[in-house]
Structure formats: C-alpha cells, structure tokens
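Let's take a walk through this protein together. Keep the structure open beside you and follow along as we go from one element to the next.

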Amino acid sequence: MSEVIHPDEILEQIEVGDLLPKVMRLKKDGMRLSQACAAYINEKFELSYSFADDTTYQYTTLRLVIDPDVEVPSITEVVPPAVFYENEMKELFGVKIKMISLDYNNKLYRIKVQNPLGPNGEGEQNNG
C-alpha cells in the first residue's frame, strides 16, 4: 500500500510588486503552474496563481487582491503556459496585465461583450 501524503496547502496573499520574484522562486524550487484564475468580488479583482510540486504534492497559491485600475506584470516570460490564463483574465474580467508574451488582444474568445465578468457586470459592446 502506498503512503498517503497530506501536504500543507499554502495560500499567500501578496502585493503586485512581489508577484514576479515569488513566481521565479517557486519555479526555481521545481514547482509548476497548475492554474491561474480571476474573480471580481467586492469591487476588487482576486487573482490566484497556484503552483504544484509533483514530488511532494505541495500546493502553493499566490493571491493578489487589487483595484480594477491596477496593472499587473505578466508572468509569461517566467512561466510560458500562463499565456492562456492571463489572456483569459484580461479578456473576460478586464484585468490590466502588461507585457503578456503572446497577447491575443481580446480575441481569445468569440464573445459579443467585452469583459463580461468584470466590474460592469454585463460588459461593454465589442464592435470588433
């Protein structure tokens, strides 16, 4: 019978300026990006970046809680697979993510409204 491992799940709320250094540290420690997501709650964005260690099953989530007008640096130069997560955050929620390595410029999804899950709730008409 295999040993069952019960690692701690770490949730660390960080500031925008700490995102890239923390992501670089987790990558250096051998952790991989497992998921990234956004939510719009109480007039703020909550951005969560979760990293997994496949040998210890340790799971660490970095969380940013920011105002809608705050710019967030892209992590795609450090973690290339984040490109789809970040484009989704930008397009569906309106998160201001700067310098995404492959920016789809709000064309990742074929949606009729811009930022449908963002601050204005119903989004703005996208005529493009």
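Start at the hairpin that S2 and S3 form, where 2 residues lie between the strands. Asparagine 42 sits in that turn and has a positive phi of about 50 degrees. What you are looking at is a predicted model, so please read every value here as computed from it.

From the turn, follow the two strands. S2 and S3 run antiparallel to each other and are paired over 9 bridges. Two of the pairs are handy landmarks: cysteine 37 lies opposite serine 48 of S3, and leucine 33 has phenylalanine 51 of S3 as its bridge partner. As general background, the strands of a sheet are paired through hydrogen bonds of the backbone, in a parallel or an antiparallel way.

Now look at the other side of S3. S4 is joined to S3 by 8 bridges, and these two strands are antiparallel as well. Phenylalanine 51 is useful again here, since its opposite number in S4 is threonine 60. S3 and S4 also form a hairpin, with 6 residues between the strands, and in this hairpin tyrosine 57 has a positive phi near 65 degrees.

How is the whole sheet ordered? It is an open sheet of 4 strands, arranged S1-S4-S3-S2, and its pairing is mixed. S1 (9–14) and S2 are the edge strands, each of them pairing on one side only. On average, neighbouring strands in this sheet are turned by 20 degrees against each other, with direction ignored.

Is S3 enclosed or open to the outside? Of its 9 residues, 7 are buried, so S3 is largely enclosed by the rest of the structure. Two helices lie across strands of the sheet. Helix H1 (residues 19–28) lies across S1, S3 and S4, and runs at about 170 degrees to S4. Helix H2 (residues 82–93) lies across S2 and S3, running at about 5 degrees to S2.

Alanine 36 gives a good view of the region around S2 and H2. This residue belongs to strand S2 (residues 32–41). Alanine 36 counts as buried because its relative accessible area is 5%, which is under the 20% cut-off. Not counting neighbours within four places in sequence, alanine 36 is in contact with Ser48, Tyr49, Tyr85 and Met89. The C-alpha atoms of alanine 36 and tyrosine 85 are 5.8 Å apart, although 49 residues separate the two along the chain.

Just before H2 you will find proline 81, in the loop between strand S5 (71–73) and H2. Is proline 81 buried or exposed? Proline 81 counts as exposed because its relative accessibility is 55%. Its C-alpha atom is 9.8 Å from that of arginine 32, and these residues, too, are 49 positions apart in sequence.

Next, return to the loop between strand S3 (44–52) and strand S4 (59–66), where aspartate 53 is found. What is the nearest side chain of opposite charge to aspartate 53? That is arginine 32, at 8.4 Å, so the buried aspartate 53 has no salt bridge, given that a salt bridge needs atoms within 4 Å. Other partners are within reach of aspartate 53. Its side chain makes a polar contact of 2.7 Å with the side chain of threonine 55, and also reaches the backbone nitrogen of threonine 56 at 3.2 Å. Beyond residues up to four places away in sequence, aspartate 53 touches Met31 and Gln58.

Glutamine 58 lies in the loop between S3 and S4 too. Glutamine 58 counts as buried because its relative accessibility is 19%, while the cut-off is under 20%. Leaving out neighbours within four places, its contacts include Pro7, Asp8, Glu9 and Ile10, as well as Met31, Phe51, Ala52 and Asp53.

Finally, zoom out to the full chain. The protein has 2 helices and 8 strands, which follow one another along the sequence as β-α-β-β-β-β-α-β-β-β. Of the 128 residues in the protein, 35% are buried. Among contacts with a separation of 6 or more, 49% are between residues 24 or more positions apart.

Methods. Residues numbered from 1 in each chain as written. Predicted model: local features only at pLDDT ≥ 70, side-chain atom pairs only at ≥ 80, totals over all residues. Heavy atoms only, no water. Buried < 20%, exposed > 50% of the residue type's maximum accessible area, 1.4 Å probe, protein only. Lys, Arg positive; Asp, Glu negative; His and termini not counted. Polar contact = N/O pair within 3.5 Å; in protein donor to acceptor, adjacent residues only side chain to side chain. Contact = heavy atoms within 4.5 Å. Pairing = 2+ DSSP bridges. Axes fitted to C-alpha atoms, helices over the stretch in contact; angles between N-to-C directions.
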